[in-house]
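Q: Please take a close look at the salt bridges in this model, and at how exposed the residues that form them are.

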Amino acid sequence: METTANNAEITDGTEGRRQIPPSVYTRYSDLLSRVNNFSIIESTLREGEQFANAFFDTNKKIEIAKALDEFGVEYIELTSPAASEQSRQDCEVISKLGLKAKILTHIRCHMDDAKIAVETGVDGVDVVIGTSSYLREFSHGKDMAYIAKKATEVINFVKSKGIEVRFSSEDSFRSDLVDLLSLYREVDKLGVNRVGIADTVGCANPRQVYDLVRTLRGVVSCDIECHFHNDTGCAIANAYAALEAGATHIDTSILGIGERNGITPIGGLIARMYTADKDYIKSKYKLHMLRDLENLVADSVDVQVPFNNYITGYCAFTHKAGIHAKAILNNPSTYEILKPEDFGMTRYVNIGHRLTGWNAVKNRVEQLGLSLTDDQVKIITAKIKELGDIRPQKMEDVDNLLRDYHSAIVSGDESQVKNVLSVVPVIPS
Ligand SMILES: CC(=O)SCCNC(=O)CCNC(=O)[C@H](O)C(C)(C)COP(=O)(O)OP(=O)(O)OC[C@H]1O[C@@H](n2cnc3c(N)ncnc32)[C@H](O)[C@@H]1OP(=O)(O)O
Ligand SMILES: O=C(O)CCC(=O)C(=O)O
Ligand SMILES: [Zn+2]
(Lines give C-alpha, C1' and ligand atoms only; values in the text may rest on other atoms or scores of the structure.)
(Ligands and ions follow the chains in the order given, each with its own letter.)
Protein backbone atom coordinates (compact mmCIF):
# COMPACT_ATOMS: atom_id res chain seq x y z
CA MET A 1 0.00 0.00 0.00
CA GLU A 2 1.30 3.43 -0.75
CA THR A 3 0.19 6.76 0.68
CA THR A 4 0.33 9.88 -1.45
CA ALA A 5 0.61 13.05 0.54
CA ASN A 6 -1.07 15.49 -1.77
CA ASN A 7 -4.32 13.75 -2.46
CA ALA A 8 -4.51 11.76 0.74
CA GLU A 9 -5.35 8.53 -0.94
CA ILE A 10 -4.06 5.06 -0.46
CA THR A 11 -3.21 3.21 -3.62
CA ASP A 12 -2.46 -0.46 -3.88
CA GLY A 13 0.07 0.03 -6.67
CA THR A 14 -2.51 -0.87 -9.29
CA GLU A 15 -5.61 0.97 -10.42
CA GLY A 16 -7.68 0.55 -7.26
CA ARG A 17 -7.89 3.60 -4.99
CA ARG A 18 -9.89 4.30 -1.89
CA GLN A 19 -10.27 7.21 0.47
CA ILE A 20 -8.75 7.17 3.94
CA PRO A 21 -10.16 8.98 6.98
CA PRO A 22 -9.07 12.64 7.43
CA SER A 23 -7.41 11.86 10.79
CA VAL A 24 -4.71 9.88 8.97
CA TYR A 25 -3.60 12.71 6.72
CA THR A 26 -4.19 15.84 8.80
CA ARG A 27 -0.44 16.48 9.09
CA TYR A 28 0.13 16.32 5.33
CA SER A 29 -2.72 18.57 4.46
CA ASP A 30 -1.36 21.26 6.76
CA LEU A 31 -1.91 24.50 4.89
CA LEU A 32 1.56 25.83 5.62
CA SER A 33 3.30 22.76 4.25
CA ARG A 34 5.28 23.31 1.05
CA VAL A 35 5.99 19.66 0.40
CA ASN A 36 4.33 20.00 -2.99
CA ASN A 37 5.31 23.58 -3.75
CA PHE A 38 9.01 24.32 -3.29
CA SER A 39 12.11 25.36 -5.24
CA ILE A 40 15.62 23.96 -5.36
CA ILE A 41 18.58 26.28 -4.94
CA GLU A 42 21.27 24.12 -6.46
CA SER A 43 24.61 24.89 -4.92
CA THR A 44 27.00 22.42 -6.57
CA LEU A 45 28.79 25.44 -8.02
CA ARG A 46 29.06 27.15 -4.61
CA GLU A 47 28.79 24.75 -1.65
CA GLY A 48 29.96 21.94 -3.96
CA GLU A 49 33.10 23.87 -4.80
CA GLN A 50 33.92 23.71 -1.09
CA PHE A 51 34.15 19.89 -1.32
CA ALA A 52 37.69 18.65 -0.69
CA ASN A 53 38.29 17.36 -4.25
CA ALA A 54 36.41 20.02 -6.17
CA PHE A 55 37.91 22.25 -8.81
CA PHE A 56 35.63 23.34 -11.63
CA ASP A 57 37.18 25.29 -14.48
CA THR A 58 34.96 27.68 -16.42
CA ASN A 59 33.98 25.11 -19.05
CA LYS A 60 33.06 22.56 -16.41
CA LYS A 61 30.98 25.15 -14.54
CA ILE A 62 29.15 25.94 -17.77
CA GLU A 63 28.55 22.25 -18.46
CA ILE A 64 27.22 21.66 -14.93
CA ALA A 65 25.08 24.82 -14.98
CA LYS A 66 23.51 23.85 -18.32
CA ALA A 67 22.83 20.31 -17.14
CA LEU A 68 21.22 21.55 -13.92
CA ASP A 69 19.14 24.01 -15.90
CA GLU A 70 17.94 21.29 -18.23
CA PHE A 71 17.16 19.06 -15.27
CA GLY A 72 14.87 21.86 -14.09
CA VAL A 73 16.31 23.36 -10.93
CA GLU A 74 14.89 26.78 -10.20
CA TYR A 75 18.11 28.44 -8.98
CA ILE A 76 21.84 27.90 -9.43
CA GLU A 77 24.11 29.35 -6.75
CA LEU A 78 27.69 30.32 -7.63
CA THR A 79 30.80 30.89 -5.55
CA SER A 80 31.39 34.42 -4.36
CA PRO A 81 32.93 36.71 -6.97
CA ALA A 82 35.12 37.97 -4.12
CA ALA A 83 36.83 34.58 -3.88
CA SER A 84 39.07 35.11 -6.91
CA GLU A 85 39.22 36.92 -10.23
CA GLN A 86 38.25 33.74 -12.11
CA SER A 87 35.30 33.19 -9.76
CA ARG A 88 34.11 36.71 -10.56
CA GLN A 89 34.46 36.16 -14.29
CA ASP A 90 32.64 32.83 -14.01
CA CYS A 91 29.67 34.60 -12.38
CA GLU A 92 29.57 36.91 -15.40
CA VAL A 93 29.86 34.09 -17.92
CA ILE A 94 27.17 31.93 -16.34
CA SER A 95 24.82 34.88 -15.86
CA LYS A 96 25.06 35.51 -19.60
CA LEU A 97 24.16 31.94 -20.63
CA GLY A 98 20.47 32.79 -20.75
CA LEU A 99 19.43 29.82 -18.62
CA LYS A 100 15.89 29.42 -17.33
CA ALA A 101 17.23 28.93 -13.80
CA LYS A 102 17.93 32.09 -11.87
CA ILE A 103 21.61 32.66 -11.15
CA LEU A 104 22.65 33.62 -7.64
CA THR A 105 25.95 34.33 -6.04
CA HIS A 106 26.80 33.90 -2.39
CA ILE A 107 28.62 36.60 -0.42
CA ARG A 108 29.61 37.67 3.05
CA CYS A 109 27.57 40.38 4.68
CA HIS A 110 30.02 43.00 3.55
CA MET A 111 29.70 45.98 1.20
CA ASP A 112 32.92 45.14 -0.65
CA ASP A 113 31.54 41.73 -1.65
CA ALA A 114 28.10 43.14 -2.45
CA LYS A 115 29.55 45.78 -4.77
CA ILE A 116 31.42 43.17 -6.79
CA ALA A 117 28.46 40.76 -6.82
CA VAL A 118 25.87 43.16 -8.24
CA GLU A 119 28.16 44.01 -11.15
CA THR A 120 28.38 40.41 -12.37
CA GLY A 121 24.90 40.29 -13.88
CA VAL A 122 23.49 37.70 -11.48
CA ASP A 123 19.75 37.54 -10.82
CA GLY A 124 20.22 37.61 -7.09
CA VAL A 125 22.63 37.71 -4.19
CA ASP A 126 22.63 35.38 -1.20
CA VAL A 127 24.05 37.24 1.80
CA VAL A 128 25.23 35.30 4.83
CA ILE A 129 26.70 36.01 8.25
CA GLY A 130 27.25 33.84 11.30
CA THR A 131 24.98 34.52 14.26
CA SER A 132 26.03 31.83 16.74
CA SER A 133 28.27 32.83 19.60
CA TYR A 134 30.98 30.57 18.12
CA LEU A 135 31.05 32.49 14.86
CA ARG A 136 30.49 35.89 16.43
CA GLU A 137 33.46 35.32 18.70
CA PHE A 138 35.83 33.22 16.56
CA SER A 139 34.95 34.04 12.93
CA HIS A 140 33.97 37.63 12.18
CA GLY A 141 33.99 38.96 15.75
CA LYS A 142 30.89 41.15 15.36
CA ASP A 143 27.91 41.50 17.73
CA MET A 144 24.22 41.31 16.81
CA ALA A 145 23.83 45.10 16.63
CA TYR A 146 26.66 45.32 14.11
CA ILE A 147 25.19 42.40 12.12
CA ALA A 148 21.77 44.07 11.92
CA LYS A 149 23.31 47.37 10.82
CA LYS A 150 25.56 45.80 8.19
CA ALA A 151 22.75 43.56 6.94
CA THR A 152 20.54 46.60 6.45
CA GLU A 153 23.24 48.36 4.48
CA VAL A 154 24.01 45.39 2.25
CA ILE A 155 20.37 44.43 1.67
CA ASN A 156 19.34 47.98 0.78
CA PHE A 157 22.26 48.23 -1.60
CA VAL A 158 21.47 44.95 -3.41
CA LYS A 159 17.79 45.82 -3.56
CA SER A 160 18.61 49.20 -5.08
CA LYS A 161 20.04 47.28 -8.06
CA GLY A 162 16.67 45.63 -8.67
CA ILE A 163 17.83 42.04 -8.16
CA GLU A 164 16.85 39.38 -5.63
CA VAL A 165 18.38 39.40 -2.20
CA ARG A 166 18.38 36.73 0.46
CA PHE A 167 19.69 37.15 3.99
CA SER A 168 20.84 34.09 5.90
CA SER A 169 22.20 33.44 9.35
CA GLU A 170 25.06 30.97 9.37
CA ASP A 171 24.95 28.38 12.18
CA SER A 172 21.29 29.19 12.88
CA PHE A 173 20.67 26.20 15.14
CA ARG A 174 23.36 27.26 17.60
CA SER A 175 22.19 30.88 17.59
CA ASP A 176 20.05 32.55 20.22
CA LEU A 177 16.41 32.21 19.12
CA VAL A 178 15.38 35.68 20.20
CA ASP A 179 18.37 37.28 18.47
CA LEU A 180 17.67 35.27 15.36
CA LEU A 181 13.98 36.07 15.11
CA SER A 182 14.56 39.78 15.76
CA LEU A 183 17.13 39.88 12.99
CA TYR A 184 14.90 38.02 10.54
CA ARG A 185 11.98 40.30 11.39
CA GLU A 186 14.14 43.34 10.64
CA VAL A 187 15.40 42.09 7.31
CA ASP A 188 11.93 40.93 6.32
CA LYS A 189 10.73 44.51 6.84
CA LEU A 190 13.48 45.68 4.48
CA GLY A 191 11.88 43.57 1.76
CA VAL A 192 14.29 40.66 1.29
CA ASN A 193 13.05 37.96 -1.09
CA ARG A 194 14.07 35.19 1.30
CA VAL A 195 15.57 34.62 4.67
CA GLY A 196 17.78 31.58 5.12
CA ILE A 197 18.27 29.12 7.92
CA ALA A 198 21.53 27.20 7.82
CA ASP A 199 22.52 24.13 9.79
CA THR A 200 26.15 24.85 9.14
CA VAL A 201 27.55 22.11 11.37
CA GLY A 202 24.88 19.47 10.76
CA CYS A 203 23.74 19.42 14.39
CA ALA A 204 19.98 19.81 13.87
CA ASN A 205 17.39 17.04 13.86
CA PRO A 206 14.08 17.08 11.97
CA ARG A 207 12.06 18.02 15.03
CA GLN A 208 14.25 21.02 15.78
CA VAL A 209 14.08 22.03 12.14
CA TYR A 210 10.30 21.78 12.09
CA ASP A 211 10.03 23.90 15.23
CA LEU A 212 12.40 26.62 14.06
CA VAL A 213 10.94 26.91 10.57
CA ARG A 214 7.38 26.87 11.89
CA THR A 215 8.23 29.62 14.39
CA LEU A 216 9.97 31.66 11.70
CA ARG A 217 7.01 31.17 9.36
CA GLY A 218 4.95 33.08 11.90
CA VAL A 219 7.47 35.94 12.08
CA VAL A 220 8.37 36.75 8.46
CA SER A 221 6.25 37.09 5.36
CA CYS A 222 9.05 36.46 2.83
CA ASP A 223 10.14 33.07 1.52
CA ILE A 224 12.26 30.78 3.70
CA GLU A 225 15.33 28.97 2.37
CA CYS A 226 17.02 26.14 4.26
CA HIS A 227 20.53 24.74 4.06
CA PHE A 228 21.42 21.49 5.84
CA HIS A 229 24.81 19.92 6.37
CA ASN A 230 24.95 16.16 6.61
CA ASP A 231 27.48 15.56 9.39
CA THR A 232 24.99 13.46 11.34
CA GLY A 233 23.02 12.06 8.41
CA CYS A 234 19.92 14.25 8.75
CA ALA A 235 20.28 16.51 5.72
CA ILE A 236 17.47 15.01 3.66
CA ALA A 237 15.11 14.44 6.58
CA ASN A 238 15.76 17.98 7.78
CA ALA A 239 14.96 19.37 4.34
CA TYR A 240 11.69 17.46 4.35
CA ALA A 241 10.82 18.65 7.86
CA ALA A 242 11.58 22.23 6.79
CA LEU A 243 9.19 21.97 3.85
CA GLU A 244 6.50 20.46 6.06
CA ALA A 245 6.90 23.45 8.37
CA GLY A 246 6.56 25.96 5.54
CA ALA A 247 10.06 26.50 4.10
CA THR A 248 9.92 27.36 0.41
CA HIS A 249 13.46 26.76 -0.89
CA ILE A 250 15.96 23.97 -0.24
CA ASP A 251 19.69 24.10 -0.96
CA THR A 252 21.17 21.02 -2.59
CA SER A 253 24.27 19.85 -4.37
CA ILE A 254 24.83 16.97 -6.73
CA LEU A 255 25.85 13.90 -4.69
CA GLY A 256 25.65 16.18 -1.67
CA ILE A 257 29.18 17.50 -2.18
CA GLY A 258 30.23 20.42 -0.03
CA GLU A 259 32.31 21.50 2.92
CA ARG A 260 33.26 18.40 5.04
CA ASN A 261 30.79 15.64 4.13
CA GLY A 262 28.44 18.05 2.40
CA ILE A 263 24.77 18.95 2.30
CA THR A 264 21.39 17.63 1.15
CA PRO A 265 22.04 15.69 -2.07
CA ILE A 266 19.74 16.59 -4.91
CA GLY A 267 19.13 12.91 -5.74
CA GLY A 268 18.16 12.06 -2.18
CA LEU A 269 15.89 15.08 -1.93
CA ILE A 270 14.23 14.11 -5.21
CA ALA A 271 13.68 10.56 -3.92
CA ARG A 272 12.08 11.90 -0.74
CA MET A 273 9.87 14.44 -2.48
CA TYR A 274 8.83 11.98 -5.22
CA THR A 275 7.63 9.71 -2.45
CA ALA A 276 5.55 12.57 -1.05
CA ASP A 277 4.14 13.77 -4.37
CA LYS A 278 5.22 11.84 -7.43
CA ASP A 279 3.26 13.84 -10.01
CA TYR A 280 4.58 17.16 -8.74
CA ILE A 281 8.20 16.02 -8.92
CA LYS A 282 7.76 14.38 -12.31
CA SER A 283 6.20 17.56 -13.69
CA LYS A 284 9.05 19.77 -12.47
CA TYR A 285 12.27 17.85 -13.06
CA LYS A 286 13.67 15.68 -15.85
CA LEU A 287 14.28 12.68 -13.64
CA HIS A 288 15.96 10.64 -16.36
CA MET A 289 18.84 13.11 -16.27
CA LEU A 290 19.73 12.44 -12.66
CA ARG A 291 22.21 9.66 -13.36
CA ASP A 292 24.08 11.67 -15.99
CA LEU A 293 24.17 14.71 -13.73
CA GLU A 294 25.69 12.65 -10.94
CA ASN A 295 28.19 10.96 -13.22
CA LEU A 296 29.23 14.33 -14.62
CA VAL A 297 30.00 15.66 -11.15
CA ALA A 298 31.47 12.39 -9.85
CA ASP A 299 33.96 12.40 -12.74
CA SER A 300 34.76 16.08 -12.27
CA VAL A 301 35.61 15.68 -8.61
CA ASP A 302 37.15 12.24 -8.97
CA VAL A 303 34.77 10.18 -6.81
CA GLN A 304 32.57 7.14 -7.42
CA VAL A 305 28.81 7.34 -7.12
CA PRO A 306 28.20 5.42 -3.85
CA PHE A 307 26.91 1.84 -4.25
CA ASN A 308 23.86 2.68 -2.15
CA ASN A 309 23.18 6.09 -3.61
CA TYR A 310 19.53 7.18 -3.71
CA ILE A 311 17.96 6.17 -7.04
CA THR A 312 21.19 5.75 -9.02
CA GLY A 313 23.32 3.53 -6.76
CA TYR A 314 24.10 0.27 -8.54
CA CYS A 315 21.93 -1.77 -6.17
CA ALA A 316 19.10 0.77 -5.73
CA PHE A 317 16.71 -1.46 -7.69
CA THR A 318 18.29 -4.88 -7.14
CA HIS A 319 16.15 -7.43 -5.29
CA LYS A 320 17.79 -10.46 -3.77
CA ALA A 321 15.98 -12.37 -1.01
CA GLY A 322 13.43 -14.95 -2.20
CA ILE A 323 10.53 -13.46 -0.25
CA HIS A 324 11.15 -10.05 -1.81
CA ALA A 325 11.73 -11.45 -5.27
CA LYS A 326 8.45 -13.35 -5.35
CA ALA A 327 6.40 -10.33 -4.31
CA ILE A 328 8.30 -7.91 -6.56
CA LEU A 329 7.64 -10.12 -9.54
CA ASN A 330 3.93 -10.11 -8.73
CA ASN A 331 3.76 -6.37 -8.07
CA PRO A 332 6.83 -4.07 -7.86
CA SER A 333 5.08 -1.77 -5.38
CA THR A 334 5.46 -4.47 -2.72
CA TYR A 335 9.11 -3.59 -2.17
CA GLU A 336 9.70 -0.47 -4.27
CA ILE A 337 8.55 3.03 -3.37
CA LEU A 338 10.38 4.55 -6.35
CA LYS A 339 9.60 3.35 -9.87
CA PRO A 340 12.94 2.70 -11.58
CA GLU A 341 11.50 3.49 -15.01
CA ASP A 342 10.61 7.03 -13.87
CA PHE A 343 14.35 7.64 -13.46
CA GLY A 344 15.52 5.72 -16.52
CA MET A 345 16.73 2.92 -14.25
CA THR A 346 16.12 -0.83 -14.46
CA ARG A 347 14.95 -3.33 -11.88
CA TYR A 348 17.07 -6.44 -11.37
CA VAL A 349 16.22 -9.66 -9.57
CA ASN A 350 19.32 -11.55 -8.50
CA ILE A 351 18.83 -15.33 -8.16
CA GLY A 352 22.41 -16.64 -8.05
CA HIS A 353 22.73 -17.11 -4.29
CA ARG A 354 21.48 -19.15 -1.35
CA LEU A 355 18.77 -16.67 -0.34
CA THR A 356 16.89 -17.22 -3.58
CA GLY A 357 13.49 -18.94 -3.80
CA TRP A 358 11.69 -21.09 -6.34
CA ASN A 359 9.35 -18.31 -7.47
CA ALA A 360 12.24 -16.14 -8.59
CA VAL A 361 13.93 -19.11 -10.25
CA LYS A 362 10.69 -20.00 -12.04
CA ASN A 363 10.53 -16.47 -13.37
CA ARG A 364 14.05 -16.80 -14.77
CA VAL A 365 13.19 -20.20 -16.28
CA GLU A 366 10.30 -18.55 -18.09
CA GLN A 367 12.46 -15.62 -19.21
CA LEU A 368 14.84 -18.13 -20.76
CA GLY A 369 11.91 -19.74 -22.59
CA LEU A 370 12.33 -23.06 -20.76
CA SER A 371 9.49 -25.22 -19.56
CA LEU A 372 9.70 -26.90 -16.15
CA THR A 373 7.05 -28.00 -13.67
CA ASP A 374 6.93 -26.29 -10.27
CA ASP A 375 8.39 -29.42 -8.66
CA GLN A 376 11.26 -29.41 -11.12
CA VAL A 377 11.88 -25.70 -10.45
CA LYS A 378 11.98 -26.48 -6.71
CA ILE A 379 14.56 -29.21 -7.30
CA ILE A 380 16.82 -26.95 -9.35
CA THR A 381 16.35 -24.14 -6.80
CA ALA A 382 17.71 -26.49 -4.13
CA LYS A 383 20.73 -27.05 -6.36
CA ILE A 384 21.29 -23.29 -6.76
CA LYS A 385 21.15 -22.95 -2.98
CA GLU A 386 23.66 -25.76 -2.55
CA LEU A 387 26.03 -24.01 -4.95
CA GLY A 388 25.23 -20.68 -3.29
CA ASP A 389 26.34 -22.10 0.06
CA ILE A 390 29.86 -22.14 -1.34
CA ARG A 391 29.81 -18.78 -3.10
CA PRO A 392 27.51 -16.44 -5.06
CA GLN A 393 26.79 -17.66 -8.59
CA LYS A 394 27.09 -15.53 -11.70
CA MET A 395 23.84 -15.08 -13.61
CA GLU A 396 25.50 -16.67 -16.61
CA ASP A 397 26.37 -19.82 -14.59
CA VAL A 398 22.85 -20.06 -13.17
CA ASP A 399 21.41 -19.73 -16.67
CA ASN A 400 23.69 -22.53 -17.89
CA LEU A 401 22.60 -24.74 -15.01
CA LEU A 402 18.93 -24.08 -15.80
CA ARG A 403 19.47 -24.85 -19.49
CA ASP A 404 21.42 -28.04 -18.73
CA TYR A 405 18.73 -29.20 -16.32
CA HIS A 406 16.00 -28.43 -18.82
CA SER A 407 17.81 -30.35 -21.61
CA ALA A 408 18.28 -33.32 -19.30
CA ILE A 409 14.58 -33.32 -18.39
CA VAL A 410 13.54 -33.04 -22.04
CA SER A 411 15.88 -35.90 -22.99
CA GLY A 412 13.99 -38.15 -20.56
CA ASP A 413 17.34 -39.64 -19.54
CA GLU A 414 17.39 -40.05 -15.74
CA SER A 415 21.16 -40.37 -15.58
CA GLN A 416 21.59 -37.04 -17.41
CA VAL A 417 19.30 -35.37 -14.84
CA LYS A 418 21.31 -36.92 -12.02
CA ASN A 419 24.51 -35.67 -13.63
CA VAL A 420 23.27 -32.09 -13.70
CA LEU A 421 22.11 -32.29 -10.10
CA SER A 422 25.35 -33.78 -8.93
CA VAL A 423 27.50 -30.92 -10.18
CA VAL A 424 29.92 -30.51 -7.32
CA PRO A 425 30.29 -27.00 -5.94
CA VAL A 426 33.85 -25.81 -6.43
CA ILE A 427 35.20 -24.73 -3.08
CA PRO A 428 37.39 -21.66 -3.50
CA SER A 429 40.97 -22.24 -2.37
C1 LIG B 1 29.47 28.28 5.88
C2 LIG B 1 29.90 28.67 4.55
O3 LIG B 1 30.16 27.83 3.76
S4 LIG B 1 29.96 30.32 4.18
C5 LIG B 1 30.69 30.40 2.57
C6 LIG B 1 32.12 30.11 2.57
N7 LIG B 1 32.64 30.57 1.35
C8 LIG B 1 33.83 31.09 1.24
O9 LIG B 1 34.59 31.18 2.18
C10 LIG B 1 34.19 31.57 -0.14
C11 LIG B 1 35.66 31.44 -0.42
N12 LIG B 1 36.37 32.32 0.48
C13 LIG B 1 37.37 33.13 0.09
O14 LIG B 1 37.76 33.17 -1.07
C15 LIG B 1 37.97 34.00 1.13
O16 LIG B 1 37.76 33.43 2.41
C17 LIG B 1 37.37 35.44 1.11
C18 LIG B 1 37.74 36.10 -0.21
C19 LIG B 1 35.84 35.42 1.23
C20 LIG B 1 37.94 36.26 2.24
O21 LIG B 1 39.32 36.11 2.21
P22 LIG B 1 40.30 36.92 3.19
O23 LIG B 1 39.98 38.36 3.11
O24 LIG B 1 41.68 36.48 2.89
O25 LIG B 1 39.84 36.50 4.68
P26 LIG B 1 39.82 35.09 5.39
O27 LIG B 1 39.25 34.07 4.49
O28 LIG B 1 41.16 34.77 5.96
O29 LIG B 1 38.85 35.38 6.61
C30 LIG B 1 37.51 35.67 6.41
C31 LIG B 1 37.23 37.14 6.65
O32 LIG B 1 35.84 37.40 6.44
C33 LIG B 1 35.22 37.79 7.68
N34 LIG B 1 33.95 37.15 7.67
C35 LIG B 1 33.69 35.82 7.84
N36 LIG B 1 32.40 35.60 7.63
C37 LIG B 1 31.83 36.75 7.33
C38 LIG B 1 30.53 37.13 6.99
N39 LIG B 1 29.58 36.19 6.88
N40 LIG B 1 30.25 38.41 6.71
C41 LIG B 1 31.24 39.34 6.77
N42 LIG B 1 32.51 39.04 7.08
C43 LIG B 1 32.81 37.77 7.35
C44 LIG B 1 36.18 37.31 8.75
O45 LIG B 1 36.08 38.06 9.91
C46 LIG B 1 37.53 37.54 8.07
O47 LIG B 1 37.77 38.95 8.11
P48 LIG B 1 39.27 39.56 8.41
O49 LIG B 1 39.95 39.60 7.10
O50 LIG B 1 38.94 40.92 8.94
O51 LIG B 1 39.91 38.65 9.38
O1 LIG C 1 24.15 30.93 3.01
C2 LIG C 1 23.64 30.01 3.63
O3 LIG C 1 22.48 29.99 3.96
C4 LIG C 1 24.44 28.81 4.01
C5 LIG C 1 25.90 29.05 4.08
C6 LIG C 1 26.57 27.75 4.32
O7 LIG C 1 27.07 27.12 3.41
C8 LIG C 1 26.46 27.15 5.63
O9 LIG C 1 26.11 27.85 6.59
O10 LIG C 1 26.75 25.96 5.76
ZN1 LIG D 1 27.04 25.01 3.79
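A: A residue counts as buried under 20% relative accessible area, as exposed over 50%, and as partly exposed in between. The model is a predicted one, and by this scale Glu85, at 45% relative accessibility, is partly exposed. Its partner Arg88 falls in the partly exposed class too, with a relative accessible area of 22%. The side chains of Glu85 and Arg88 form a salt bridge with an N to O distance of 2.9 Å, and both residues belong to helix 3, where they stand three residues apart, about one turn of the helix.

Helix 3 also takes part in a second pairing, in which the side chains of Lys61 and Asp90 meet in a salt bridge of 2.8 Å, N to O. Because Lys61 lies in helix 2 (residues 58-71) and Asp90 in helix 3 (residues 85-95), this pair ties together parts that are 29 residues apart in sequence. Lys61 is buried, its relative accessible area being 4%, and Asp90 is buried as well, at 3%.

The pairing of Asp113 with Arg108 joins a buried residue to an exposed one: Asp113 has a relative accessible area of 3%, whereas Arg108 reaches 53%. Their side chains meet in a salt bridge at 2.9 Å, N to O.

Beyond these pairs, salt bridges link Lys102, Asp126, Glu164, Arg166, Arg194 and Glu225 in a network. Counted with a side-chain nitrogen of Lys or Arg within 4 Å of a carboxyl oxygen of Asp or Glu, the salt bridges come to 27.

Definitions and conventions:
Residues are numbered from 1 along each chain as its sequence is written. Chains are lettered from A and ligands numbered from 1 in the order in which they are written. This is a predicted model: local features need pLDDT of at least 70, side-chain atom pairs count only at pLDDT 80 or more; totals for chains, interfaces and linings use all residues. Side-chain values use heavy atoms; hydrogens and water are left out. Helices (H or I, at least four residues) and strands (E, at least two) are DSSP runs, numbered from the N terminus. Buried means under 20% relative accessible area, exposed over 50%, partly exposed in between (1.4 Å probe, protein chains only).
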